[in-house]
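Here is a predicted model. The questions below ask how each label was earned.

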Amino acid sequence: MTARAFVLGDDVDTDQIAPGQYMAGGIEALARHVLESQRPDFVQTVKPGDVVVAGRNFGMGSSREQAAEALKLLGIAGVVARSFAGIFYRNAINLGLPVLIADDLSAIADGDAVNLDVTGARLRLTDKNIDIALEPLPDNLKAMLADGGLVPHLKKRFAAERKEHL
Amino acid sequence: MMATTLAEKIIARASGRQAVTPGEIVTAKVDLAMIHDSGGPRRVEPILRDLDVGLFDATKVVLISDHFVPGDTDEGARILELTRNWARERKVAFYDGEGICHVVLPERGHLKPGMFVVGGDSHSPTGGAFGAYMFGVGATEMAGVLATGEIWIKVPGTILIEWTGLLSPGVTAKDMMLTLCARLGMDGGGYQAVEYAGEAIRALSMQERMTLSNMAAELGAQAGLIAPDETTADWLDAVGGDAGDWHGLATDAGATLLAHHVFDAATLEPQAAAPHSPANAAPVGEAADVGIDVAYIGACTGAKYEDLKAVAAILKGREPASGVELMVAPASRRDQERAASEGIMAVFEAAGAHILPNACGICAGYGSNRLGEGVTCISSTARNFKGRMGAASSRVWLASPLTVAASAVAGRIADPREFMRGDGQ
């Protein structure tokens, strides 16, 4: 199955990604409404492995981590953007959703076939035969993402600390 | 000694270092963690159980219910019940229905200049008004803080925003922030530390400073600092807090800055930000023909005591224009009680305003009370993103509480200076 790019603009806010009126319910219910005010077809058409490509300041606004969690639940392999809002960026890594930065994403069109290599920090446009280099993550975040997010990362740390105390 | 910024001083102290350099990643110990009913117990407790750990220090955790108050949906009521039970079990300081977290936290004396604080809400930079380095995090990150008492931070550079001169009557901190959003953009803060300084900032009251620090979030900054001064110390004394030794908590002359912007407060006009971004702000006169259906006085940046007082000065003896619904959601119970004791709440009642609970209300859009299809609203809140406060087809303009009040009376977006009486109120 070919993974596709969903291309969005600048300043996509968390009220669009995770609308407040569904925040009281569970993440499954919320995930059915991701981006509905901006891109009503998103939830129906997105497939596991697809990549969200955005402009500047993706995830601005609220600290609600359900924005990152819902994208992950829908199977998004990662978000590639020119820049991220700080809290969203940290939330995504904490929940194990890869978020990667590149300054020039103009080669990517909506619907392009893509292949995201998180560890190698590259986004490949398979039909266009273009390879886009992404900024590598800092080491602490690379380690957290490799563990699957903050909770498994902390479990590993606590287990190591308990072992030391034995 | 090398000249350093206020942000660097606080982060160096919290991370146990002599000095820190912007860009380096350090681990800091938190002095206080604030959580609310949405990102708090319902999200962090399952993680703490999964990790099989307790709170790092229950005396350093404050829980405030505000997002789902008054619990007007089944799910919201269930979340509030869970929140109350957790507060009892975990033995943390808990304020239930007392108001919006960013207002309640300092009002109950929990903040002190120089503290390093995390909050489970994006508007947590509000604590910067008290000279605390305070920033927002999501729930999983907060669970990690509650488990360990620590958090990693990339040491920010400082963007100094200097305001020269003094604001004219009818122009407020909200107007300063809206014009900053327009001038610098929604990511102008670049997740760095913003610091507000200058004559106009020194002259502002604490509640007005809180509005500036709060909306550093709208600039995409991590924190929105204001160096503490006598105004800070006096305010903290009055609420039974502790200013501590705040002298020296300031950015040194000659410290390396990321940027230094200078704005003139004296020539600033009241602003209004068109749907659907605070960055769409422009002088209010440019929106003068826009008719409104709803005028909303609420939120941590628009319904504190001083906001209510200024709004009442405009509304006294007046009513909203025909067809305009006026809503007032005082930001905290204490502020509402003070307003009531001074006859301010009576002015709103005489004007036929709907008085809403001391909570996030329509600003967060989490309850049953939301803007309907096609409604145009002018709001004293901090964000007007599409669909946030109601239907995707609703249109929200942001402005100062004074401008919202004037607009309610006019039935269209109006300049508050045309509605002010001779005493400067």
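Q: What is the phi of Gly185(B), just after H6(B)?
A: Gly185(B) takes a positive phi of about 90°. Most residues other than glycine have a negative phi. Gly185(B) follows directly on H6(B).

Q: How do you know that H6(B) has the length expected of a helix with 12 residues?
A: H6 of chain B covers residues 173–184 and reaches 16 Å from its first C-alpha to its last. The expected value, at 1.5 Å a residue, is 16 Å. The reach is therefore close to the expected one.

Q: What makes H6(B) mostly covered?
A: Of its 12 residues, 10 are buried. A residue earns that label if 20 or more other C-beta atoms lie within 10 Å of its own. Ala173(B), Lys174(B) and Asp175(B) are among the buried residues, and so is Leu184(B).

Q: What do the buried residues of H6(B) pack against?
A: They pack against helix H8 (206–214) and four strands of chain B: E8 (158–164), E12 (271–273), E13 (281–283) and E18 (395–399).

Q: Why is Asp52(B) called exposed?
A: Asp52(B) has 9 C-beta neighbours inside 10 Å. The cut-off for exposed is 12 or fewer, so Asp52(B) counts as exposed. Asp52(B) is found in the loop between helix H2 (41–51) and E3 of chain B.

Q: Why is Ala121(A) called partly exposed?
A: Ala121(A) has 18 C-beta neighbours inside 10 Å. Exposed needs 12 or fewer and buried needs 20 or more, so Ala121(A) falls in between. Its place is in the loop between strand E5 (114–117) and strand E6 (122–125) of chain A.

Q: What is the phi of Ala121(A), and what is that of Asp52(B)?
A: Phi of Ala121(A) is near 50°. Asp52(B) has a phi of about 60°. Both values are positive, and neither residue is a glycine.

Q: Which peptide bonds of chain B are cis, and where do they lie?
A: One joins Val69(B) and Pro70(B), with omega about 15°. Pro70(B) lies in the loop between strand E3 (61–65) and helix H3 (74–90). Another joins Pro275(B) and His276(B), with omega about 0°. His276(B) is in the loop between E12 and E13. Most peptide bonds are trans.

Q: How many residues does each chain bring to the contact?
A: Chain A gives 34 residues and chain B gives 39. On the side of chain A, the elements that give two or more residues are H1 (14–17), H5 (86–94) and H7 (150–165), all helices. That side divides into 12 nonpolar, 14 polar and eight charged residues.

Note on methods. Residues numbered from 1 in each chain as written. Chains lettered and ligands numbered in written order. Predicted model: local features only at pLDDT ≥ 70, side-chain atom pairs only at ≥ 80, totals over all residues. Contact = placed C-beta atoms within 7 Å. Nonpolar A, V, L, I, M, F, W, Y, C, P; charged D, E, K, R; others polar.
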